[in-house]
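The following exercises invite the reader to examine a protein model step by step. Each task is followed by its worked solution.

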Amino acid sequence: MFNKTLLVIEVSLSLVNNTQASILAGNFAKCSDSNLAGHWRRRKKMIFKIEDVTVYFPYDNIYPEQYEYMVELKRALDAKGHCLLEMPTGTGKTIALLSLITSYRLSRPDSPIKLVYCTRTVHEMEKTLGELKILHDYQLTHLGAQAKILALGLSSRKNLCVNSKVLAAENRDSVDAACRKRTASWVRALAAENPNVQLCDYFESYEKAADNALLPPGVYTLEDLRAFGKNRGWCPYFLARHMVQFANVIVYSYQYLLDPKVAGIISKELQKESVIVFDEAHNIDNVCIEALSVSVRRVTLEGANRNLNKIRQEIDRFKATDAGRLRAEYNRLIEGLALRGDLSGTDQWLANPALPNDILKEAVPGNIRRAEHFVHVLRRLLQYLGGRLDTENVEKESPVSFVSSLNSQAGIEQKTLKFCYDRLHSLMMTLEITDTDEFLPIQTVCDFATLVGTYARGFSIIIEPYDERMPHIPDPILQLSCHDASLAIKPVFDRFQSVVITSGTLSPIDLYPRLLSFNPVVSRSFKMSMTRDCICPMVLTRGSDQLPVSTKFDMRSDPGVVRNYGKLLVEMVSVVPDGVVCFFVSYSYMDGIIATWNETGILKEITQQKLVFFETQDVVETTLALDNYRRACDCGRGAVFFSVARGKVAEGIDFDRHYGRLVVMFGVPFQYTLSKILLARLEYLRDTFQIKEGDFLTFDALRQAAQCVGRVIRSKADYGMMIFADKRYSRHDKRSKLPGWILSHLRDAHLNLSTDMAIHIAREFLRKMAQPYDKTGTMGRKTLLTQEDLEKMAETGVQDMVY
Amino acid sequence: AKALAKCEEEPNKPAAVLTSAEQLSIADLELRFKVLRENSELQRLHKEFVETKVLTEDEFWATRKKLLGKDSIRKSKQQVGLKSMMVSGIKPSTDGRVYYIILSTPSWKLSFPVKCSCRKEIMHTISSLAQLTNRVTFNLTSEIIFQIFAEKPAVRQAFINYVPSKMTEKDFWTKYFRAEYLYSTKNTAVAAAEAAEDEELAVFLKPDEILAQEARQKDHGIQRDGTMDVVEPQNGQFRRSLLQDLNRHAAVVLEGRNIDVDSEDTRSVAEALARVKQVSKADGETTKDANQERLARMSRVAEMEDLQAPQNFPLAPLSIKDPRDYFESQQGNVVNESRGAGTLKRNVHEAYGSLKESILEIRTKGLSDPLIKPEVAFEVFRSLTQTISTAKNIIGKNPRESFLDRLPKSTRDEVLHHWTSIQELLKHFWSSYPITTTYLHTKAGKLKDAMSNSYSLLEAMKESVQSELRHQLSLLVRPMQQALDAAFQHYDADLQRRTAKSARGSAGEANGSV
């Protein structure tokens with residue numbers, strides 16, 4: 001495996017001299033896969049003009065909506081503004097986007113833009129870089145050296161580390177800590193005197209190479225980076241982080257821009273002339289909110305107390321041995337936090353979550369400048385929080401009143417709170433603490449303090465003595481929950497020239513600008529031009545016995561509903577070939593219904609036709625199940641995958657082609673409406689943005705449902721059925737919130753089906769779809785455009801050709 | 001020596017083989033025997049024609065090269081997959097009776113009463129159970145044992161460790177099912193209490209450590225980047241989730257029976273499974289392969305499918321034992337939707353018409369892509385399947401029973417056998433034309449004789465059958481006789497033509513004497 005990737009790297013290194021050869025080699029490798037249809041593989045690929053930009057597109061044909069998407073995107077780039085684009089899955093959004101932006105860059109050589117592409121999962125990151133590779137290879141063959149770019153993926157240490165000793169650590173945080181233990185500046189200084197201190201060879205040789213440690217141009221996936229690092233003996237993580245400022249394209253996770261703790265380190269050097277893309281962004285408001293929300297439990301406080309004890313000991317030790325160090329820190333703090341620039345790159349492991357700029361310039365308040373004073377303040381804070389957790393009732397408070405009662409009862413001022421996070425950071429640095437994951441509890445508390453001290457609006461503090469769903473188990477929790485998604489994303493909108501928010505489901509498209517409070521210059525929803533009706537959405541409202549089905553609270557555990565849901569699946573698995581995917585509204589509902597199906601024998605009937613796999617809350621287990629599911633589909637055995645809306649699978653895994661011929665959404669995936677946090681957020685949305693509670697809940701549930709069923713299709717050659725199994729989907733107010741590309745295929749006759757009718761439709765649909773067909777489109781509708789078509793379009797106008 | 005041994009197993013064959021002019025390697029011979037052994041129909045044909053010297057050994061095999069190809073050597077035996085259903089589910093019942101569990105295997109039997117829990121829940125097994133008053137028999141077959149061991153490596157390891165040094169196999173399974181029962185009651189407190197007293201029982205109740213370790217090694221994929229995603233340890237040590245069990249079960253089924261032990265001996269099954277695991281671990285195979293597969297998948301998804309040739313997935317080949325049975329069962333679906341007979345007839349004509357049209361088009365315009373328009377292909381296939389299924393229904397009246405099924409079994413087998421042997425003869429007969437050598441000439445003659453023989457057998461069969469079936473039977477037999485008649489006609493016409501030709505030319509050649 002490693003040999004292979006090394007080869008890839010060498011090929012991309014030699015691109016400068018011999019691009020043609022490597023492309024040929026690439027094509028040869030592909031052809032040898034399948035000689036059967038060699039003529040499909042021979043590629044002409046496209047070059048066409050959109051106004052003044054020459055676009056390079058690495059395929060023979062282009063979908064009309066891809067072309068339109070590029071046109072709109074170009075308008076947004078020209079206007080240097082933000083845009084919001086909804087385009088159905090399966091229409092090649094990513095390649096259209098990459099192709100236009102890289103071509104745009106090539107057409108403006110004097111003011112090159114940088115592309116920052118944000119994905120939600122590592123899997124999507126690798127997929128995007130894979131597509132970029134194809135594109136880049138193609139641009140190189142046409143333009144030669146001037147098309148060279150540096151593109152790389154950036155991820156956590158866990159995904160990039162190549163040091164086997166560090167990797168032996170079990171989770172992400174211990175990989176981080178194990179790395180810091182070997183790379184922190186004071187550890188390295190210590191190692192200079194004491195040969196027994198372990199260092200990381202990869203990091204050492206990366207440091208030794210200094211400014212010469214550079215990545216040659218090319219497109220690097222995480223795997224490529226690891227291979228390159230191993231080959232050169234340089235640490236891929238630090239190399240990648242260093243290269244971020246030189247790269248033309250960066251692909252990384254949302255958090256690197258939205259979570260201020262991370263963004264402060266990774267993304268602070270990005271220039272204004274960058275295009276930021278948030279792909280699959282239908283949940284972006286939730287990511288923003290999560291980034292600014294903190295919860296504190298009893299264990300957090302206990303841990304934080306232990307952390308303080310440890311810090312106290314360290315302070316005493318330093319006082320005895322190196323008092324000068326503490327004094328130097330004190331002096332630095334008087335001058336303000338912005339001046340701590342003398343710290344080396346590896347030491348900047350956390351930065352301030354507070355957004356206002358003044359915090360960096362102001363001097364740290366006097367009462368926490370001295371280390372031991374700061375520890376005292378934190379002790380008082382912990383004590384106060386502990387007292388608040390003792391409550392027997394649910395309490396809800398605004399940050400303003402929380403801060404004022406904190407001031408009166410514990411004597412901690414708002415300004416002091418605001419500085420907590422940075423003060424802790426500075427102290428830990430001074431004390432040379434590397435076991436950062438051990439200090440997570442105290443960091444969480446300081447994070448909380450800084451946020452509550454910084455924001456007066458858009459947040460609430462909710463204290464619950466127990467989980468609503470399990471009232472007999474006391475589990476007090478104090479949550480600082482953010483309700484305003486625009487807070488976290490505001491700096492991104494302010495700082496960068498163009499921000500592109502795109503997804504397969506952004507309906508209703510006018511809601512997102514309100515939720516995120518920005519003004520897009522372009523906001524469009526594209527239809528899908530279909531070669532044939534390759535998706536078949538259905539609304540199933542009742543079982544074969546005519547009893548209604550729904551996951552409405554009063555109906556969901558009704559034996560009739562559970563049975564009818566089961567029967568639906570039993571019948572479907574006997575008709576649908578290969579893969580079937582099911583989504584439930586929650587883990588607990590899935591657990592319950594599967595247990596019942598197991599007892600009543602329905603599960604046994606299902607397994608007579610197909611193997612069954614489940615998503616669980618354990619990520620590793622789920623990954624394994626998913627892997628096996630795909631293998632079962634590949635080998636022809638067929639399988640059913642049971643999953644949960646809002647779960648990890650629903651967020652980022654495609655069930656295209658034979659991996660999903662049918663997806664069933666059991667119920668409407670509403671959020672848990674009794675949740676105090678949700679209620680507080682709804683109230684905030686109503687008061688601030690005039691968004692009605694019911695509207696928001698329906699919008700949120702339907703975007704999740706659309707997201708689940710949208711997994712089934714990834715190209716127009718693909719086909720699949722979608723069943724919305726709940727009587728509530730037949731109501732217009734619910735259904736109309738689905739994205740247009742699904743609605744346009746939802747026929748009136750399919751709005752109120754029973755199981756037997758659905759089976760009949762499924763049989764007909766599958767038989768029809770399994771036939772060969774003409775891919776370029778029939779009946780006067782062009783669904784696949786060639787270069788000639790585009791040239792003609794440039795003369796006659798887009799609309800005539802496309803529809 | 002091995003080949004000879006095989007020959008003795010097949011006492012009918014050797015004479016015919018030895019006459020073969022060509023020198024065959026021993027491997028080839030072995031392969032032919034093997035194919036014959038596995039295919040009784042072929043064996044019967046071979047016996048009928050090769051041994052009676054109607055066909056030579058080489059002629060017989062010449063049309064079946066594919067059966068002897070490389071693929072057939074590799075895929076000699078179709079691996080029988082495991083059942084998708086979970087076999088070892090045990091759950092409490094609520095009828096309040098005391099049950100005795102009887103575990104039985106080929107070598108031993110044991111029975112033990114199930115203690116009532118406080119909720120008076122008595123267990124019974126989901127599958128393979130026969131309830132007699134208060135007894136539940138659970139057949140512990142070797143397949144079930146295999147599945148338990150494969151799904152629960154810790155149980156397998158416990159078996160290797162404890163049996164027979166610490167306990168007997170009977171005791172082992174008693175403990176195992178006791179643990180399963182405790183688990184099924186969902187009463188974790190009782191389970192924990194019993195596990196505290198009995199360390200072997202505890203092994204069965206605890207989450208599987210070996211599994212957890214394997215899973216950890218394969219960790220990659222869908223976790224979100226950047227957020228904290230530490231897997232929380234399971235709260236109750238004695239709780240397993242049904243979903244995890246199901247996932248594990250499906251994984252084992254997918255893996256198939258990956259050990260080469262046919263033995264009924266439980267210990268050797270356990271040891272073989274342990275070996276398989278060790279080997280794959282030593283190679284680092286599991287993680288490496290998985291990783292490679294993941295990379296391959298990644299490059300597949302990066303490209304857009306519309307412009308690519310279809311992917312070749314590692315499909316498990318399906319060999320259908322009785323094709324006739326299989327395809328007839330498939331027709332059930334079509335029958336339900338068949339329209340009236342009138343429209344059907346029209347459809348057949350329409351389909352035929354459009355097929356003819358597209359063939360004409362190919363003649364004038366040459367090949368195009370797609371070769372045949374999808375709509376045409378669809379229509380043709382649809383009307384063909386419908387014709388087959390309706391024909392069957394009209395004759396058989398009852399959709400589940402065709403006329404063939406109403407014949408006495410012996411007659412039915414005879415009809416089917418005649419059908420295949422006539423096919424065989426016709427195939428060889430027609431391939432002998434045009435006759436260019438004496439060899440082909442004698443071959444055609446021999447075949448003609450054999451066919452006349454078949455013809456009279458068909459006549460005899462028609463006579464022998466009961467009168468009420470005779471009409472239907474003759475309908476069935478008619479196409480065969482028509483095919484034979486056509487062959488006879490051709491034979492005679494060709495003979496006449498050639499006699500005339502040789503009479504005109506210089507006489508005295510060998511072929512003139514015929």
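**Exercise 1. Explain why C179(A) forms no bond with C235(A).**

Solution. The sulfur of C179(A) has its closest cysteine sulfur in C235(A), at 6.1 Å, which is too far for a bond. A disulfide is defined as a pair of cysteine sulfur atoms within 2.5 Å. C179(A) is also buried, at 11% relative accessible area; buried means under 20% relative accessible area, exposed over 50%, and partly exposed in between, with a 1.4 Å probe and protein chains only.

The model is predicted, so local features need pLDDT of at least 70 and side-chain atom pairs pLDDT 80 or more, while totals for chains, interfaces and linings use all residues. Residues are numbered from 1 along each chain as its sequence is written, chains are lettered from A and ligands numbered from 1 in the order in which they are written, and side-chain values use heavy atoms, without hydrogens and water.

**Exercise 2. State how many disulfides there are over all chains, and describe C118(A).**

Solution. The count over all chains is 0. C118(A) accordingly takes part in no disulfide, and the nearest cysteine sulfur, in C288(A), lies 11 Å away. C118(A) is buried, with a relative accessible area of 0%.

**Exercise 3. Compare the span of helix α6(A) with the expected one.**

Solution. Helices (H or I, at least four residues) and strands (E, at least two) are DSSP runs, numbered from the N terminus. The expected span is 1.5 Å times one less than the number of residues. For the 22 residues of α6(A), residues 122-143, this gives 32 Å, and the end C-alpha atoms are 31 Å apart, which agrees. Of these 22 residues 16 are buried, so the helix is largely enclosed by the rest of the structure. Just after the helix, G144(A) has a positive phi of about 70 degrees.

**Exercise 4. Determine which way the residues of strand β16(A) point, and which strands pair with it.**

Solution. In a regular strand, side chains alternate between the two faces of the sheet. In β16(A), G579(A), V581(A) and F583(A) point one way, whereas V580(A), C582(A) and F584(A) point the other way. All 6 of the 6 residues in this strand, 579-584, are buried.

Two strands pair if DSSP finds at least two bridges between them. β16(A) pairs in the parallel sense with β18(A), residues 639-644, over 6 bridges, and G579(A) has A639(A) as its bridge partner there. β16(A) also runs parallel to β19(A), residues 662-666, joined by 4 bridges; in β19(A), M665(A) is the bridge partner of F583(A).
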